[in-house]
Amino acid sequence: NLTVEDRKLIALFAATTRGRTIPMPEVIERAHREAEELARRQREARGLPPGKGLGLFPMEKGLVQKASVSASVEASLRIFLAMGWRLAVAEPPDYFITSDNPVSVCDPVAPPLYMHNLLSSTTEVVFPLRRDIALFASRMTLGTKWRKASSEAVRRVNLRTRQYISHHAI
């Protein structure tokens, strides 16, 4: 069984991995550009000169990005710890694949093309930890439980993992 400390370490690993592997710099850069554009429009609407007032991001851009990634990892950690966990164990000949982008987030009740996020009450997180163990996390469950993974469950996890691969699979 997992101790509280084990759970914290695995959640931190998942949160850090997710923060490292999702296109976080691009997401933050886009948000930064959109916020600056909004500020520019607000300055124009209020008759303020360019660059004066309503400066949403007075910090250097690189510092904003680093702070945003750190905040995202901390938020993900809190969410992962609040979710119920199922640790699925695969037995030969089945095994989980993992990749350079192993943490997948999916909301099975969301409409197609929906931007999946950790805040939805129906979001599921799947994270193959090793070839024989995968973490399923969801708000729909409580506590931490171990279970044997069926061949079908392994296949579904592997399909989801393949969708998130950036460069390498193991």
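1. The second largest pocket of this predicted model holds about 280 Å³ of space. Its lining consists of 14 residues, and those closest to the pocket's centre are Phe-136, Arg-147, Ala-153, Arg-156 and Val-157. As general background, a probe the size of a water molecule, rolled over the atoms, reveals where empty space remains.

2. Several elements contribute to this lining. At least two residues each are supplied by strand E1 (84-89), strand E3, strand E5 (144-148) and helix H4. The largest share, four residues, is that of H4. By character, the lining residues of the second largest pocket comprise six nonpolar, two polar and six charged.

3. Helix H4 itself merits description. It spans residues 151-164, 14 residues in total, and extends 20 Å from its first C-alpha to its last, which is close to the 20 Å expected at 1.5 Å a residue. Which residues of H4 are buried? They are Ala-153, Val-154, Val-157, Asn-158, Arg-160 and Thr-161. Because these residues cover an arc of only 165° around the axis, they lie on the same side of H4. In general, an α-helix has 3.6 residues a turn, so residues three or four places apart point the same way.

4. The cover over the buried residues of H4 includes three strands: E2 (104-106), E3 (124-130) and E4 (133-138). Two residues of H4 link this point with the pocket: Ala-153 and Val-157 are buried, and both are listed among the lining residues closest to the centre of the second largest pocket.

5. Glu-124 belongs to strand E3. Is this residue buried or partly exposed? Glu-124 has a relative accessible area of 28% and is therefore partly exposed. Leaving aside neighbours within four places in sequence, its contacts are Ser-104, Val-105, Cys-106, Pro-108, Ala-137 and Arg-160. Of these partners, Arg-160 is one of the buried residues of H4. Ala-137 stands 13 residues from Glu-124 along the chain, yet the two C-alpha atoms are separated by 5.7 Å.

6. Thr-123 is located in the loop between E2 and E3. With a relative accessible area of 0%, Thr-123 is buried, since the limit for that class is under 20%. Not counting residues up to four places away in sequence, Thr-123 touches Met-83, Val-105, Cys-106, Asp-107, Asn-117, Leu-118, Ala-137, Ser-138 and Arg-139. Val-105, Cys-106 and Ala-137 are contacts of Thr-123 and also of Glu-124.

Methods:
Residues numbered from 1 in each chain as written. Predicted model: local features only at pLDDT ≥ 70, side-chain atom pairs only at ≥ 80, totals over all residues. Heavy atoms only, no water. Expected span 1.5 Å × (residues − 1). Buried < 20%, exposed > 50% of the residue type's maximum accessible area, 1.4 Å probe, protein only. Arc of directions from axis to C-beta. Contact = heavy atoms within 4.5 Å. 1 Å grid on protein atoms, 1.4 Å probe; cavity = no way out; pocket = protein on both sides within 12 Å on 5 of 7 lines; lining within 4 Å. Points joined across faces, edges and corners; volume = space filled by probe spheres on them. Nonpolar A, V, L, I, M, F, W, Y, C, P; charged D, E, K, R; others polar.
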